[in-house]
Amino acid sequence: MLKTSLARLTATDVVMFAVGLALSGIIVTGSVATLSSGKYTLAQWQDLFIFGLAQGSIYALIALGYTLVYGVLRMINFAHSEVFMSGPYTAYFFARWMFNTGFLQAQPVAGLLIVSAISMFTSMAIALTVERIAYRPLRNAPRLVPLITAIGASFFLQYTFRGLYGSGIDRYPELAILKGSISVMGVRVLVTQALVIVAAALFMAGLYAFVMLSKTGKAMRAVSEDKQTAQLMGIDVDRIITTTFALGGALAGAAGVLYALIFGQVQFYMGFVPGIKAFTAAVLGGIGHVPGAMVGGLFLGVFESGGPSLVFGWVGIPAPNQLKDAIAFTMLVFVLIFRPSGILGERLATKKA
Amino acid sequence: MAPLLEWVFSGKGLSVAGALAIAVIVIASEVLGNRRRTNARNVTAVPITPRQKQMRTGALMALLLIFPLLLGTYVSEVLDQVGLYILMGLGLNVVVGFAGLLDLGYVGFFAIGAYAMGMLTSPELGLASLSWWTALPIAVSITILAGIMLGVPVLNMRGDYLAIVTLGFGEIIRLLALSDALRPWTGGSQGIQLIAKPVVGTMVLDNQLKLYYLILAGCLLAGFISSRLRDSRLGRAWMAMREDEDVAQAIGINLVATKLLAFSVGAAFGGLSGAIFAAKLGAIYPNSFGLLISINVLALLIIGGMGSIRGVVVGALVLVGLPELLREFAEFRLLVYGALLVVMMLYRPQGLWPEDARKLEAHEDDGLSGDSSAAPAGRIIEPA
């Protein structure tokens with residue numbers, strides 16, 4: 001038994017094992033060293049954690065769009081980051097208009113709801129258009145082909161929005177009710193962060209309920225299991241695919257408004273980095289798996305916010321925070337190598353693609 | 001000649017009138033050429049004799065050598081960029097076109113080549129100040145090593161996952177170059193200046209025209225290597241792997257070695273391109289190595305025809321040369337570019353000038369031919 005498994009062991013396996021061991025070693029010693037050095041106070045860690053949670057819930061909402069589409073079509077929707085960008089960018093103009101007329105200050109709750117609705121609607125419309133033009137005609141094409149159209153669609157959308165709204169950075173209006181902080185069980189939380197976390201949690205719960213309880217949700221799960229059988233059971237596969245894109249688009253639009261609330265700005269290129277991060281989150285949690293995207297998003301958000309200081313804080317390198325993106329991508333690479341199924345998902349990466 | 005050139009090119013690039021004129025000429029020649037071709041199709045095709053082939057190659061070479069001399073600095077600059085992209089395209093063509101390993105982080109190798117060249121030659125950092133030619137083999141070897149280091153962890157990955165991991169790899173390289181943590185070696189966001197220029201004899205290759213010949217030599221070398229590799233045993237192994245990994249393994253192809261060779265050959269070409277790029281600009285900055293370059297290189301492969309060496313040249317001319325010449329329309333060129341990619345995939349997924357074998361494949365209805373766009377809306381999707 002031992003002999004045969006040893007014989008199957010290749011040199012690459014050994015190398016990978018060594019790399020994994022070294023990496024875990026670095027993370028553990030780094031964390032222990034930083035914590036024992038007492039360089040950061042407890043309050044600083046709490047701030048990092050809460051910020052990570054807020055950022056992570058946005059990643060989770062975007063990641064759901066990737067995961068839903070992957071579930072039904074087994075395809076990565078690379079244009080999703082532009083779906084995410086289009087919503088808040090369009091809604092920005094309404095927000096500014098309402099701000100100028102004074103409505104947003106007088107009725108902040110209603111105003112924010114309107115802005116979110118516009119953003120979700122725009123993102124949904126963009127997602128459906130992309131699906132109709134760039135993906136639907138290519139359902140039977142080799143897998144590389146829709147990937148390229150997605151990249152093309154992504155460029156097209158970015159530069160269309162740049163052409164429409166200009167290439168500058170636009171600042172979202174600031175609201176008085178979103179300033180300041182509250183205290184939750186002794187931990188200081190900014191109001192925007194609290195709003196983002198609560199809103200994202202509501203959206204995720206709503207989506208989960210929809211997928212698990214509604215008839216359409218059941219049909220979506222059936223299509224992701226087996227399209228042909230689902231069709232034989234009388235499910236309109238095209239309609240389900242459209243619904244999936246619409247849901248993913250709406251969630252991305254909602255995530256976009258939350259993103260704009262935290263970072264206070266929009267621009268035509270804003271989708272790229274969160275899009276890649278959200279994809280990472282979806283893969284981390286196990287792509288095609290709805291709770292996986294949520295867990296992956298939160299995990300990535302927290303790790304990204306606290307990880308650089310935790311692992312590299314003790315070395316005293318300048319600005320460990322600059323490395324957070326590099327850390328996020330490194331983590332993606334290593335998750336795909338050591339646990340391609342993600343935290344919650346099934347094993348897919350080495351399946352015939 | 002000069003007034004004509006002035007009419008076609010304004011200060012910054014192709015003038016609008018010039019662009020229209022060229023478009024008319026191209027479309028007209030295409031229409032006329034097509035008519036002749038359809039007539040010729042009824043006649044039995046006459047194979048080209050080796051002598052004719054030699055003459056054609058000779059004429060093409062002569063044209064390539066004198067072309068920039070006639071057209072001046074601006075066109076040389078554009079051709080330099082096209083040449084660098086052709087080099088990268090040839091490298092990525094080995095990885096994606098021959099071996100079927102979808103790599104979205106190819107810019108990583110370009111960046112490593114450029115940074116290795118910068119670190120080895122720039123006196124500014126004080127690491128080493130070698131000459132360009134001494135540093136070149138070292139830079140290319142470092143890139144090959146990086147190719148193998150990327151290749152090992154992704155040996156078991158396929159398709160989309162491979163694409164994402166390589167994309168992450170490309171971004172990691174850029175972010176590391178940008179970070180303050182590595183500033184003593186990479187210069188952080190300041191980049192590296194004072195990179196050595198290549199010297200041939202006593203002549204320093206310091207302008208676009210002189211560099212054009214260096215790039216041309218690099219392209220010819222890379223083109224020669226890839227065409228020999230394509231027809232070699234290794235090339236066949238790559239293509240077998242591209243078509244079906246499991247079957248390839250079953251017929252005795254060593255997947256590990258074959259994949260790593262594909263990554264290292266691809267990386268070597270990318271590194272060479274990066275090394276020339278560093279010398280051309282004399283200074284490099286992390287933001288020159290964004291994801292856009294990887295996407296551009298992949299797109300030029302697709303536009304030209306995946307796996308086709310001549311397609312790389314056509315793709316680079318179309319995707320890099322045209323937008324450069326169309327600077328006057330700068331605002332919308334990336335918009336047009338995105339639309340072009342989508343339309344291309346919908347109507348001509350095999351590329352503008354595919355390999356003959358691929359062209360035959362594409363004519364059989366295997367979903368590559370674009371006929372799937374005519375499929376009824378309710379058609380069942382094949383399971384992946």
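**Exercise 1. Work out what share of chain B is buried, and how its contacts are spread along the chain.**

Solution. Start with burial: in this predicted model, 44% of the 384 residues of chain B count as buried. Next, take the contacts in chain B with a separation of 6 or more: 76% of them come from residues 24 or more positions apart. For the secondary structure, chain B has 15 helices and 2 strands.

**Exercise 2. Classify the packing of helices H4 and H6 in chain B.**

Solution. Get the geometry down to begin with: H4(B) spans residues 107–121 and H6(B) residues 159–178, and their axes come within 8 Å, crossing at roughly 30°. Angles under 35 degrees count as roughly parallel, so H4(B) is roughly parallel to H6(B). Now look at who touches whom. H4(B) brings Val107(B), Gly108(B), Ala111(B), Ile112(B) and Tyr115(B), while H6(B) offers Phe169(B), Gly170(B), Ile173(B), Arg174(B) and Ala177(B). Sort these by class and you get 7 nonpolar, 2 polar and 1 charged residues.

**Exercise 3. Do the same for helices H6 and H7 of chain A.**

Solution. Here H6(A), residues 108–135, packs against H7(A), residues 144–165, at about 135°, with the axes 10 Å apart. Only angles over 145 would count as roughly antiparallel, so H6(A) ends up oblique to H7(A). The crossing of H6(A) past H7(A) is right-handed. On the H6(A) side you'll find Ile126(A), Val130(A), Ala134(A) and Tyr135(A); they meet Pro146(A), Thr149(A), Ala150(A), Ala153(A) and Leu157(A) of H7(A). By class that's 8 nonpolar, 1 polar and no charged residues.

**Exercise 4. Describe the hairpin of S2 and S3 in chain A.**

Solution. Begin with the pairing: S2(A), residues 181–184, and S3(A), residues 187–190, run antiparallel over 4 bridges. Pick out one pair: Ile182(A) has Val189(A) as its bridge partner in S3(A). Then check the turn, where 2 residues sit between the strands and Met185(A) takes a positive phi near 50°.

**Exercise 5. Place Arg74(A) and Leu194(B), and decide for each whether it is buried, partly exposed or exposed.**

Solution. Most residues other than glycine have a negative phi. Arg74(A) has a positive phi near 55°, and so has Leu194(B), also near 55°. As for location, Arg74(A) lies in the loop between helices H3 (42–73) and H4 (80–101) of chain A. Leu194(B) sits in the loop between helix H7 (183–186) and strand S1 (199–200) of chain B. Now count neighbours: Arg74(A) has 20 C-beta neighbours inside 10 Å, so it counts as buried. Leu194(B) has 13 other C-beta atoms within 10 Å and is therefore partly exposed.

Key. Residues numbered from 1 in each chain as written. Chains lettered and ligands numbered in written order. Predicted model: local features only at pLDDT ≥ 70, side-chain atom pairs only at ≥ 80, totals over all residues. Axes fitted to C-alpha atoms, helices over the stretch in contact; angles between N-to-C directions. Parallel < 35°, antiparallel > 145°, perpendicular 65-115°, else oblique. Left-handed = near helix turned anticlockwise from the far one by under 90°. Contact = placed C-beta atoms within 7 Å. Nonpolar A, V, L, I, M, F, W, Y, C, P; charged D, E, K, R; others polar. Buried ≥ 20, exposed ≤ 12 C-beta atoms within 10 Å, placed from the backbone. Pairing = 2+ DSSP bridges.
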